[in-house]
Amino acid sequence: MEEDKKLSFVAKRFLPSPIQQLSLLAQQCNAINLAEGFPDFPAPLTLKNAAISAINSDFNQYRHVQGVCDELAKVVKKTHGLNVNPLTDFAICCGQTEAFAAAVFSVINPGDEVIIFDPSFDSYANVVSIAGGIPVYVSLDPPKWTFDPNKLLKSFTDRTKAIVLNSPHNPTGKVFSKDELDAIAEACCANDCLAITDEVYEYITFGDAKHVSLASLPGMHERTIITSSLSKTFSVTGWRVGWAIAPAFIASAIRNIHSRITDTAPAPFQEAALIALRSPPEYFESLRRDYESKRDFIAKLLVDIGFEVQFEPQGSFFLFVELPKSCTLTDVDCVEELIKQAGVVAVPGCGFFQTDSSREKGVNKDCSYQNRYIRFAFCKSNATLTSAAQKLSEAKFEFLKMH
Ligand SMILES: Cc1ncc(COP(=O)(O)O)c(C=O)c1O
């Protein structure tokens, strides 16, 4: 059989992106990684000790740690006022990524439409497409990444099955406001549609911004699947412990699918999750404080070298900066220059946009705002951020200074 015939249609749809080529260049240049959303500093010692102790206690086999669901039920009651049944309303999965995929496979049929805000974390659209669903995009408009409630309402059709909401938001750092959540909730209820939330940055919010779970709004609990994980809150993206919380019949479907894909999340890390979820309030306060000071540091640095920061992140650990108007390079070219001239890598914004405003306006593709942003991840040690600052400040980015 020819190679081409051996691959499925799905596999052939996912081709290497320009961003992967940039990653390769970054590796060759040994660039400082401000691209990927994983911390490069140690995880909390108590968690590491809990995982070590679980391994030493021989928790080495397939395992469902019911205590994780019990703890999470207490957490969502306390933080969002939600009454969930720990025995029926949970699926523990391998990270939010698997929880989200299993949730989509549980509720989306081929031809179902799923509303996704644009820009967004790219895994949503990919998973929806694998399920045979059709992503329908609603733009978050720069500079504040707000959405037009009328556009949102118009994007619903009789085939709309679900909406995806990620707040705090990757890549922009937006935390959806109460008014915006109300508009989304009203649209969901009016159209009898489900919501799948991604709340992995729930504890990383700054200033007055506060994370409110969409499920806590009137009429939403019974139609929302919450997904989240330990990854970002506890700096353990490689431990692969996440969860879905949903009405019992949906949670049961998610567990059934999860057990066919990965069976269980890693046993020792589920045990450690018990300790993580019991962390005192001071842990979450210091997480916020540390990330807020990293945000301020990187924002000042990037403004000083010529980027525009029109929107200060309210949450997550990403800064989505704009190229100055005078800059004639695209986001992809600009990241290439950052790697070559300073040895620092970030992600071109185009990797997060699914629509192209130039098509509507009939302008050159390179001039659409989708090619004018770069995402910097500041979930890095102060030492990494300082050495990135030094390299970026020393480089002469003429293309950022042509005012
Ligand atoms: C918005 C968002 N959701 C989910 C994930 C992945 O989460 P997990 O490690 O729990 O699979 C990421 C990782 O970058 C993310 O940015």
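The lining of the largest cavity in this predicted model comprises 10 nonpolar, five polar and two charged residues. This cavity encloses about 130 Å³ of space. Its lining is built from 17 residues, of which Leu72, Val75, Glu202, Tyr203 and Trp243 are the closest to the cavity centre. Three secondary-structure elements, helix H5 (66-80), strand E7 (224-229) and strand E8 (242-245), each contribute at least two residues to the lining of the largest cavity. The greatest contribution to that lining is from H5, which provides five residues.

In total, five cavities of 30 Å³ or more are present in the structure. The second largest cavity has a volume of about 50 Å³. Its lining consists of Ile116, Phe117, Pro119, Ser120, Phe121, Tyr124, Val164, Asn166, His169 and Asn170. Two or more of these residues come from each of strand E3 (113-118) and strand E5 (160-166). Classified by residue type, the lining of the second largest cavity contains six nonpolar and four polar residues, and no charged residues.

Asn170, one of the residues lining the second largest cavity, also contacts the ligand: an N or O atom of the Asn170 side chain is placed 2.8 Å from a ligand oxygen atom. For the side chain of Tyr201, the corresponding distance between an N or O atom and an oxygen atom of the ligand is 2.7 Å. At Gln96 the contact involves the backbone, with an N or O atom located 2.7 Å from an oxygen atom of the ligand. The ligand taken alone exposes 400 Å², and 92% of that area is buried by the protein.

The shell around the ligand is made up of 14 residues, and those that come nearest are Thr97, Asp198, Tyr201, Ser229 and Lys232. Tyr201 is thus both in this nearest group and in polar contact with the ligand through its side chain. By class, the shell contains seven polar, four nonpolar and three charged residues. Helix H6 (residues 95-107) supplies three residues to the shell around the ligand, the most of any element.

With regard to annotation, an unreviewed UniProt entry assigns residues 32-352 to the feature "domain: Aminotransferase class I/classII large". Over this range, helix accounts for 40% of the chain and strand for 15%. The C-alpha atoms at the two ends of the range are separated by 21 Å.

Definitions and conventions. Residues are numbered from 1 along each chain as its sequence is written. This is a predicted model: local features need pLDDT of at least 70, side-chain atom pairs count only at pLDDT 80 or more; totals for chains, interfaces and linings use all residues. Side-chain values use heavy atoms; hydrogens and water are left out. A residue is near a molecule or strand if one of its heavy atoms lies within 4 Å of it. A polar contact is a pair of N or O atoms within 3.5 Å; within protein, one must be able to donate a hydrogen and the other to accept it, and residues adjacent in sequence count only if both atoms are side-chain atoms. Accessible areas come from the Shrake-Rupley method with a 1.4 Å probe; for residues, only the protein chains shown count as cover. Helices (H or I, at least four residues) and strands (E, at least two) are DSSP runs, numbered from the N terminus. Ala, Val, Leu, Ile, Met, Phe, Trp, Tyr, Cys and Pro count as nonpolar, Asp, Glu, Lys and Arg as charged, and the others, Gly among them, as polar. UniProt positions are given in the numbering used here, feature names are shortened, and annotations may be inferred rather than shown by experiment. On a 1 Å grid over the protein atoms alone, a cavity is a set of points where a 1.4 Å probe fits but cannot get out, and a pocket is an open set with protein on both sides within 12 Å along at least five of seven lines; lining residues have an atom within 4 Å of a point. Grid points are joined across faces, edges and corners, and a volume is the space filled by probe spheres set on the points.
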